[in-house]
Amino acid sequence: MYELSSSHPVILNPKKLRPGDYVKLRLWFPDEDTFSAIELAEVQWVKNEWIQIELLLVSSKDQSRLRQFVASEGNHPAASARTGQQIMIRA
């Protein structure tokens with residue numbers, strides 16, 4: 001993770017994130033060469049290397065990719081990748 005708000009991007013330890021922080025993410029899925037962009041998300045909580053975020057701004061194409069990935073994992077309902085919903089990621 002990189003902090004891009006300064007003039008010199010630095011690697012950011014996930015523990016420095018706080019609930020209420022806004023983030024922009026690029027997510028790479030296993031066995032894929034391209035990433036999905038989450039243009040805006042709000043940090044809900046951080047615990048060790050896990051971060052729960054609320055999706056605020058995601059293109060419909062990337063929402064579809066997220067839904068497909070979540071459904072293929074079988075752990076969560078496919079609807080959990082919609083804008084306004086929350087997902088957990090491992091940093």
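Let me start with one pair of side chains, K24 and E39, which meet in a salt bridge with an N to O distance of 3.4 Å; and please keep in mind throughout that what we are looking at is a predicted model. K24 belongs to strand β3, residues 22–28, and E39 to strand β4, residues 35–47, so this pair ties together parts that are 15 residues apart in sequence. As for their surroundings, K24 is exposed, with a relative accessible area of 60%, whereas E39 is partly exposed, at 36%.

How many salt bridges does a search of the whole structure find? The search finds two, and the other pair I want to show you is E32 with R65, where the closest N and O atoms are 2.1 Å apart. Here the link is between distant parts of the chain, since E32 sits in the loop between β3 and β4 while R65 sits in helix α1, residues 60–73, and the two are 33 residues apart. Is R65 buried or exposed? With a relative accessible area of 15%, R65 is buried, because the cut-off for that class is under 20%; its partner E32, by contrast, is partly exposed, with a value of 37%.

Staying with R65 for a moment, its side chain also takes part in a polar contact of 3.1 Å with the side chain of S36. S36 lies in strand β4, and with a relative accessibility of 1% it counts as buried. If we leave aside the neighbours of S36 within four places in sequence, its contacts are L25, R26, L27, F29, D62 and, once again, R65.

Let me now follow β4 onward, to the strands that come after it. β4 pairs with strand β5, residues 50–58, in the antiparallel sense, and eight bridges are found between the two. Within the hairpin that these two strands form, two residues lie between the strands, and N48 takes a positive phi near 55°. V46 stands opposite I51, a residue of β5.

Which residue in β6 is the bridge partner of I51? That partner is I89, and β5 and β6, the latter covering residues 86–90, pair in the antiparallel sense over five bridges. For anyone tracing I51 on the screen, then, V46 stands opposite this residue, and I89 in β6 is its bridge partner.

To return to where I began, the salt bridge of K24 and E39 has its N to O distance at 3.4 Å, while that of E32 and R65 has its closest N and O atoms 2.1 Å apart.

Technical notes:
Residues numbered from 1 in each chain as written. Predicted model: local features only at pLDDT ≥ 70, side-chain atom pairs only at ≥ 80, totals over all residues. Heavy atoms only, no water. Salt bridge = Lys/Arg side-chain N within 4 Å of Asp/Glu carboxyl O. Helix = DSSP H or I, 4+ residues; strand = E, 2+ residues; numbered from the N terminus. Buried < 20%, exposed > 50% of the residue type's maximum accessible area, 1.4 Å probe, protein only. Polar contact = N/O pair within 3.5 Å; in protein donor to acceptor, adjacent residues only side chain to side chain. Contact = heavy atoms within 4.5 Å. Pairing = 2+ DSSP bridges.
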